[in-house]
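Biologist: I'd like to learn how to read a helix and a chain-to-chain contact in a model like this one. Could you walk me through it?

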Amino acid sequence: MKYILMMHCPRTGYDTFGAWPKKDIEAHMAFMLAFNKALRESGEWVSGEGLADPKQAKIVRAGKDGLPITDGVFPESKEFLAGYWIVDVASPDRADALAAKASAAPGPGGAPMNMPIEVRQVMSGPPEQNSCNES
Amino acid sequence: MKYILMMTGTKADFAWYAKWSKTDLQAQLAFMHSFNKELKESGVLVATEGLAFPNQAKLVRAAADGTPITDGVFPESKEFLAGYWIVDVETPEQAYQLAARVSAGPGPKDRGNQPIEVRPVMSGPPPEML
C-alpha cells in the first residue's frame with residue numbers, strides 16, 4: 001500500500017526554519033537524511049521531495065486564450081507543502097508509525113518538533129466514483 | 001529545473017467533484033491520460049500521482065513516547081492536495097504553460113479554469129549541509 005506523508009508550513013515557514021541556530025538546522029537535516037536512508041534500506045522508499053520556499057510558489061490559471069496567468073494571490077492562511085515522502089508499506093499502521101517518526105524530527109534546541117504530518121493513501125489508478133463520499 | 005504542479009481542493013470541492021456526471025468525469029480522465037502520455041513522450045515527466053480523497057486523510061503527530069497520535073483535525077478551509085505532476089523543464093515559463101493546460105482541463109460547463117500551484121522542487125539539501 002502506498003501512502004504519502006506530507007509536511008506543511010505557512011508561507012513564512014522557511015524563514016522561521018532558516019532563523020534556527022545552525023546546529024539545530026544541521027541536526028534536523030541529519031535526521032531527515034538518516035530517515036530517508038532507513039526508508040531506502042527497509043525497501044519502503046518510493047519517492048521523496050523537498051519543495052522550494054513557498055515564496056517562490058505561483059498560482060497559475062489558464063486565461064481565455066489558454067495562456068498562463070501567474071498573478072494569483074494565495075490566501076494568507078494557506079498551508080504550503082514543504083515536502084513529502086511516498087512509502088510503500090505493509091499496513092496503514094506502519095504509515096502512521098513512519099509519520100510519527102518524521103513528526104518527532106528535532107527542532108530548536110534539539111527537542112522533538114512533534115509537527116503534524118498529513119497521511120493519505122496514494123491511488124494507483126483513477127478514483128472509484130463511490131470512494132468520494134464524505135466521511 | 002524541476003517544478004511541481006499541484007491540484008488542490010477543499011472537502012467541499014471534492015464533494016462537488018464527486019457529483020460530476022459520468023460524461024464529465026470520463027472527459028477529464030481522458031484529458032489526464034493524454035496529458036500524462038504527452039509529458040512522458042516529450043521526456044519532461046518526472047513523476048505524477050493522484051491521492052486518495054481527503055476523507056481518508058489523517059493528521060499524525062508523535063506523542064511524547066514517539067508513538068503516533070492520529071486524531072488530529074483539519075481546519076474546514078484546508079486545501080487538500082488532490083494530485084501532482086513533477087516536470088523537468090528548461091524554464092519556469094514552460095512549467096506555467098503546462099500548468100495552464102491542466103488549469104483549462106475539461107469539467108462541467110459552469111467550472112472556471114482551476115488554479116494550479118507551481119513551485120520549484122529542490123534536488124537535495126542545500127550544498128552547505130552536505
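Modeller: Happily! Let's start with a definition: two residues are in contact if their C-beta atoms, placed from the backbone, lie within 7 Å. Keep in mind that this is a predicted model.

Biologist: What covers the buried residues of helix 3 of chain B?

Modeller: Both chains take part. The cover includes strand 3 (58–62) and strand 4 (68–69) of chain A, along with strand 1 (2–9), helix 2 (22–41), strand 5 (80–88) and strand 6 (116–122) of chain B. Among the buried residues of helix 3 of chain B are A95(B), L98(B), A99(B) and V102(B). In general, an α-helix has 3.6 residues a turn, so residues three or four places apart point the same way.

Biologist: What should helix 3 of chain B span?

Modeller: Its twelve residues (92–103), at 1.5 Å a residue, should span 16 Å; the end C-alpha atoms are 16 Å apart, which agrees.

Biologist: And how many residues does the contact take from each chain?

Modeller: Chain B gives 49 residues and chain A gives 48. On the chain B side, strand 6 supplies the largest share, seven residues. By class, that side has 30 nonpolar, eleven polar and eight charged residues. Strand 6 of chain B also pairs with strand 2 (residues 45–51) of chain A, antiparallel, over two bridges; V121(B) is the bridge partner of L51(A).

Biologist: Where in chain A does pLDDT stay under 50?

Modeller: Where pLDDT is low, the predicted coordinates should not be read in detail. Here that applies to residues 127–135 of chain A, where pLDDT stays under 50. Chain A has a mean pLDDT of 91, with 92% of its residues at 70 or more.

Notes. Residues are numbered from 1 along each chain as its sequence is written. Chains are lettered from A and ligands numbered from 1 in the order in which they are written. This is a predicted model: local features need pLDDT of at least 70, side-chain atom pairs count only at pLDDT 80 or more; totals for chains, interfaces and linings use all residues. Helices (H or I, at least four residues) and strands (E, at least two) are DSSP runs, numbered from the N terminus. The expected span of a helix is 1.5 Å times one less than its number of residues. A residue is buried if 20 or more other C-beta atoms lie within 10 Å of its own, exposed if 12 or fewer, and partly exposed in between; C-beta atoms are placed from the backbone. Ala, Val, Leu, Ile, Met, Phe, Trp, Tyr, Cys and Pro count as nonpolar, Asp, Glu, Lys and Arg as charged, and the others, Gly among them, as polar. Two strands pair if DSSP finds at least two bridges between them. pLDDT is the predictor's confidence in each residue, from 0 to 100.
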